[in-house]
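Reader: I would like a close look at one part of this protein, namely its salt bridges. Please go through them pair by pair, and put them in the setting of the whole chain.

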Amino acid sequence: MAFTTIPVPFADVGKSANDLLGKDFPVGQTKLELKTVAPNGVTFNVLGNQDNKSGAINGELKTKYVDFKNGLTVTEAWTTGNLLTTQIELENKVAKGLKLDITGGFLPSEGKKNAKVGVQYKKLGFNTRAYLDLFKGPTFTGDVVVGRDGFIVGGDVAYDVGGSYITRFAAAAGYTAPEYSVALHAHNSFKVFSASYYHRINADLEVGGKGVWDSKAAPASAEKASKAPVALEVGAKLYLDRDAFVKAKVNNAGALRKGVKVSVGGLFDTTKLNQAAHKVGVSFVFEA
């Protein structure tokens, strides 16, 4: 056994399943994103979305400049809410595997500002990050992940420096292979627990699932604690070609999204399993 890879940051444990089930579902909104690259290497990203119910429109203009030679990355963003943010990153310049991060934001209309400084260090089998939010608390957050032969385990903690108390903590463990990954999480100071699974079956098909149990929703009685609801969700992504794909997901309530439910049923003749004597049906219910 040996340290052969750099483990992902704590926030990315279980990322494959989370992306499969969470991304590319613009439910309730119309979204437009445009990305361009200037001749000097500056990347421009324009993102806009409109809420289909309220009609509210939000947008963001982001620019990103990367100096690969010096390990410098500068990202600036301006939103329709007039929030200005700047992030400066310096990686592998001070020391190999070390990244320094300074992020600042300003909201002129309300006079609000924020600033965060951070450091990340990674090497084979080890990945750790630490951030200090100067205007909120100040608050220190840190996480660490260690891994070996595909197995990873990590923890995350936030500490209010001004109040001298821990605001939250979490832990995670998982296993990653080339075709699949599994992850277990204990979030929100060990009040919310989740398990996720991701499998790339072949070059065209990905599937995944996730279960979440919120202990805060459990009955006060210990005898009834086992009856607390568990939210289950499964999804799949099918690539039609190199540039197109379709995705679908469903949860244990049979809901594809709020106001939409799907039910699948089947009738099977067990005495004629090798014959076409079976019936399968599906129904969709739309509620407004």
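Author: Of the 288 residues in the protein, buried residues make up 24%. The model is a predicted one. The surface that the protein exposes comes to about 18900 Å², and carbon and sulfur atoms supply 60% of that area. In secondary structure, the protein has one helix and 19 strands. Among contacts between residues at least 6 apart in sequence, 25% join residues at least 24 apart.

Now to the salt bridges. The structure holds eleven of them, including the three pairs described here.

Take the pair in the helix. Asp19 and Lys15 meet through their side chains in a salt bridge, with 2.5 Å from N to O. Both residues belong to helix α1, which covers residues 15-22. They are four residues apart there, so about one helical turn separates Asp19 from Lys15. How accessible are the two partners? Asp19 has 22% relative accessibility and therefore counts as partly exposed; the cut-off for buried is under 20%. Lys15 is also partly exposed, with a relative accessible area of 35%.

The next pair joins two strands. Lys122 forms a salt bridge with Glu91, and their closest N and O atoms are 3.6 Å apart. This salt bridge links distant parts of the chain, since Lys122 sits in strand β7 (residues 112-123) and Glu91 in strand β5 (residues 84-91), 31 residues apart. A salt bridge here requires the nitrogen to be within 4 Å of the carboxyl oxygen, and the 3.6 Å between Lys122 and Glu91 meets that limit. Lys122 has a relative accessible area of 28% and is partly exposed. Glu91, at 29% relative accessibility, counts as partly exposed too.

A further pair also connects two strands. The side chains of Glu233 and Lys249 meet in a salt bridge, at 3.3 Å from N to O. Here again the pair links distant parts of the chain: Glu233 is in strand β15 (residues 230-241) and Lys249 is in strand β16 (residues 244-251), with their positions 16 residues apart in the numbering. Is each partner buried or partly exposed? Glu233 is partly exposed, with a relative accessible area of 23%. Lys249, by contrast, counts as buried at 18% relative accessibility, because buried means under 20%.

Some backbone details in the loops complete the picture. Gly137 and Pro138 are joined by a cis peptide bond, with omega at about -5°. Pro138 has its place in the loop between β8 (126-133) and β9 (139-148).

Another loop, between β12 (180-187) and β13 (192-202), contains Asn188. Asn188 is not a glycine, yet it has a positive phi of about 45°. Ser189 lies in the loop between β12 and β13 as well. Its phi is near 55°, again a positive value in a residue other than glycine. What is the accessibility of Asn188 and of Ser189? Asn188 is partly exposed, with a relative accessible area of 45%, whereas Ser189 is buried, with a relative accessible area of 18%.

To return to the salt bridges: the Asp19 and Lys15 pair stays within helix α1. The Lys122 and Glu91 pair links strands β7 and β5, and the Glu233 and Lys249 pair links strands β15 and β16.

Definitions and conventions. Residues numbered from 1 in each chain as written. Predicted model: local features only at pLDDT ≥ 70, side-chain atom pairs only at ≥ 80, totals over all residues. Heavy atoms only, no water. Buried < 20%, exposed > 50% of the residue type's maximum accessible area, 1.4 Å probe, protein only. Contact = heavy atoms within 4.5 Å. Areas by Shrake-Rupley, 256 points an atom, 1.4 Å probe, with all protein chains shown as cover.
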